[in-house]
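Thanks for making time this morning. I would like to walk you through one structure, beginning with its ligand and ending with a few points about the backbone.

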Amino acid sequence: MIRILGIETSCDETAAAVVADGCTILSNVVASQIELHAQYGGVFPELASRAHIETIYPVIQEAMKTAHLGWDDLDAIAVTRGPGLAGSLLVGVNTAKGLALGRGMPLLGINHLEAHFYSIWLTEAADKFKFPLLGLIVSGGHTELVLMVDHGEYQHLGRTVDDAAGEAFDKVGRLLGLSYPGGPAVQKAALEGDPAAFRFPRAWLGDSSDFSFSGLKTAVLRQVRKLDEEEQVMPVADLAASFQAAVVDVLAAKTARAAAEFDATAVVLVGGVSANLALRESVRAQVDRPVHAPPVSLCTDNGAMIAACGYWRFQAGQRDGWDMDVLPGLELA
Ligand code: KG4
Ligand code: ZN
């Protein structure tokens, strides 16, 4: 059995987990900084790295304790090296280096986007996976359509040309006066609203598999200002539902089209926004093949996905040196 400690500090979650053989979670500890950043309506990078420094060791200790393991029981340490906030990534990478160097253990630098893919390997569906898999990675920082041809082998199909899907949810949430982060709050408000109340634009961008959400965000802003000027009661639920429908329509349609074009065996939805139920429903309705999404707790950033990805990189022979640097702008393909 291969046991890997996964460490994640790329954004506003300090996380550590131990995973066995890339699929069995022995522990998964996440310390969220949501309360710290809520007052700013977004992630404050310098505060994020300071909070990571304070929490990283207790989080790792708890992950080891919950897994009932000693350091000698581990086979390797995997850590996110990018993409993400430079200062935050440094905390995780330096901690992982210290632990691995001190204990003579292999060190593995992990691509955060690739790791989101591996959140699916932590579910029961993993036994049935056959390549190629079509992945829609939707998070606060990324919106990517990627074909996973094999472990560690990816073909880029499309990505956002401006805002990420999660970023759009967060900005619209703020605009509607909802709590931070916007994604879950918009989804909740949308439950009571009519998705057809406002006809917001969908950026299809022709036949391209790229995405654009900044026009939609501006359309919501204009609508809110207009209602404000007219001194109307703000129909928050209708605005949330109509905005969410516009995002989901484009994500689902482009995913379905790419799945057919590349004859993917299945579609995987990963990243924070894949927690969105309307998105899951719409993709399942439009895609004519199996659709897999992780449980909500594994959609947002966590250490288990880093450890799961680390297992496959470890098996492929990856070993990183002590000079491994952070890569804030790292891409998947
Ligand atoms: O993957 P993640 O934890 O961090 C990044 O790598 O960016 O994703 C966080 C993003 C945030 O923008 C958050 O608003 C969004 O995921 N999110 C959601 C939902 N839950 C989280 N967006 C829409 N609906 C949700 N239920
Ligand atoms: Zn993420």
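**The ligand and its surroundings**

Let me begin with a single contact in this predicted model: an oxygen atom of ligand 1 lies 3.0 Å from a backbone N or O atom of Gly183. Two other glycines take part in a similar way, in that a polar backbone atom of Gly166 is 3.2 Å from an oxygen atom of ligand 1, and a polar backbone atom of Gly141 is 3.3 Å from an oxygen atom of ligand 1. As for the overall burial, ligand 1 has 560 Å² of accessible area on its own, and the protein covers 90% of that.

The space that ligand 1 takes up is the largest pocket, and the elements that contribute two or more residues to the shell around the ligand are helix 4 (112–118), helix 5 (165–175) and helix 6 (182–190). In total, 19 residues surround ligand 1, with Gly140, Asp170, Gly183, Asn276 and Asp301 being the closest. If we sort that shell by residue class, we find 6 nonpolar, 11 polar and 2 charged residues.

Where does ligand 1 lie with respect to domain 1 and domain 2? Ligand 1 lies between them, because domain 1 (3–119 + 298–315) and domain 2 (131–293) both give residues to the shell around it.

Let me now turn to the backbone. Most peptide bonds are trans, and most residues other than glycine have a negative phi, which is the background for the three places I want to point out.

The peptide bond joining Gly82 and Pro83 is cis, with omega at about -5°, and Pro83 sits in the loop between strand 4 (76–82) and helix 3 (86–103). A cis bond also runs from Phe131 to Pro132, where omega is near 0°, and here Pro132 belongs to the loop between helix 4 and strand 6 (133–138).

Finally, Asp21, which is not a glycine, has a positive phi, near 50°, and is placed in the loop between strand 2 (13–20) and strand 3 (24–32).

Methods. Residues are numbered from 1 along each chain as its sequence is written. Chains are lettered from A and ligands numbered from 1 in the order in which they are written. This is a predicted model: local features need pLDDT of at least 70, side-chain atom pairs count only at pLDDT 80 or more; totals for chains, interfaces and linings use all residues. Side-chain values use heavy atoms; hydrogens and water are left out. A residue is near a molecule or strand if one of its heavy atoms lies within 4 Å of it. A polar contact is a pair of N or O atoms within 3.5 Å; within protein, one must be able to donate a hydrogen and the other to accept it, and residues adjacent in sequence count only if both atoms are side-chain atoms. Accessible areas come from the Shrake-Rupley method with a 1.4 Å probe; for residues, only the protein chains shown count as cover. On a 1 Å grid over the protein atoms alone, a cavity is a set of points where a 1.4 Å probe fits but cannot get out, and a pocket is an open set with protein on both sides within 12 Å along at least five of seven lines; lining residues have an atom within 4 Å of a point. A molecule sits in a cavity or pocket if more than half of its atoms lie within 2 Å of its grid points. Helices (H or I, at least four residues) and strands (E, at least two) are DSSP runs, numbered from the N terminus. Ala, Val, Leu, Ile, Met, Phe, Trp, Tyr, Cys and Pro count as nonpolar, Asp, Glu, Lys and Arg as charged, and the others, Gly among them, as polar. Domain bounds come from an automatic or database domain assignment.
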